[in-house]
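Please walk me through this structure, with attention to what is buried, what is exposed and which side chains pair up.

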Amino acid sequence: MPEEIKAAVETTEDKVGSVSANRYAEIVAELRELVKTASGMLFTVGDYALEIEPMRGHGGAVPAGGLFTVKESLFRLAEDIGMS
């Protein structure tokens with residue numbers, strides 16, 4: 001358990017909101033893991049989005065024969081993976 005949570009548990013009376021200080025510490029620990037997972041997931045989505053639409057040079061010229069604009073292809077990706 002991180003030190004700041006231990007300190008919070010030791011200085012808090014018996015409850016944080018409607019839960020015990022110990023349960024609060026458990027919730028915080030679980031949510032920190034979820035935040036780490038979510039952050040990693042978002043970086044992965046960004047990496048794949050950059051694969052679909054790589055950064056363009058200054059001026060952002062559209063490649064010849066391109067079917068979609070950057071906005072259109074990334075909106076499509078968002079819709080297809082349920083993030084729209």
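A residue counts as buried under 20% relative accessible area and as exposed over 50%, with partly exposed in between. The model is a predicted one, and the classes used below follow these cut-offs.

Start at the end of helix α3, where Asp80 has 58% relative accessibility and is therefore exposed. The side chain of Asp80 meets that of Arg76 in a salt bridge, with an N to O distance of 3.5 Å. Arg76 has a relative accessible area of 46%, so this residue falls in the partly exposed class. Because Arg76 and Asp80 are 4 residues apart in helix α3, about one helical turn separates them.

Elsewhere, salt bridges with shared partners link Arg23, Glu26 and Glu30 into one network. Within this network, the closest N and O atoms of the Arg23 and Glu26 salt bridge are 3.2 Å apart. Both residues belong to helix α2, which covers residues 21–52, and they sit 3 residues apart, about one turn of the helix. Arg23 is partly exposed because its relative accessibility is 36%, and Glu26 is partly exposed as well, at 41%.

Helix α2 holds another pair of this kind. Lys36 forms a salt bridge with Glu33, and their closest N and O atoms are 3.4 Å apart. Here too the spacing is 3 residues, about one turn of the helix. Lys36, at 56% relative accessibility, counts as exposed, whereas Glu33, at 46%, counts as partly exposed. The count for the model comes to 4 salt bridges.

How does the span of α2 compare with what its 32 residues should give? At 1.5 Å a residue the helix should span 46 Å, and its end C-alpha atoms are 46 Å apart, so the two values agree. The buried residues of α2 are Ala21, Ala25, Val28 and Ala49.

Now turn to the loop between α2 and α3, where Glu53 is found. Is Glu53 buried or exposed? Its relative accessible area is 13%, so Glu53 is buried. What does the side chain of Glu53 make a polar contact with? The partner is the side chain of Ser73, at 2.8 Å. Apart from neighbours within four places in sequence, Glu53 is in contact with Thr69, Val70, Ser73 and Leu74.

Seen from the other side of this contact, Ser73 lies in helix α3, which runs over residues 70–80. With 9% relative accessibility, Ser73 is under the 20% cut-off and therefore counts as buried. A polar atom of the Ser73 side chain also lies 3.1 Å from the backbone oxygen of Val70. When neighbours within four places in sequence are left aside, the contacts of Ser73 are Ile52, Glu53 and Phe68. Glu53 and Ser73 thus appear in each other's contact lists.

The last feature is on the surface. Met41, Leu42, Ile81 and Met83 make a nonpolar patch of about 370 Å². Of these residues, Ile81 is placed in the segment after α3. Its relative accessibility of 44% lies between the two cut-offs, so Ile81 counts as partly exposed.

Technical notes: Residues are numbered from 1 along each chain as its sequence is written. This is a predicted model: local features need pLDDT of at least 70, side-chain atom pairs count only at pLDDT 80 or more; totals for chains, interfaces and linings use all residues. Side-chain values use heavy atoms; hydrogens and water are left out. Helices (H or I, at least four residues) and strands (E, at least two) are DSSP runs, numbered from the N terminus. Buried means under 20% relative accessible area, exposed over 50%, partly exposed in between (1.4 Å probe, protein chains only). A polar contact is a pair of N or O atoms within 3.5 Å; within protein, one must be able to donate a hydrogen and the other to accept it, and residues adjacent in sequence count only if both atoms are side-chain atoms. Contact means heavy atoms within 4.5 Å. Patches are made of residues with over 30% relative accessible area and no salt bridge: like charges are joined within 9 Å, nonpolar side chains (Val, Leu, Ile, Met, Phe, Trp, Tyr) within 5 Å. Accessible areas come from the Shrake-Rupley method with a 1.4 Å probe; for residues, only the protein chains shown count as cover. The expected span of a helix is 1.5 Å times one less than its number of residues.
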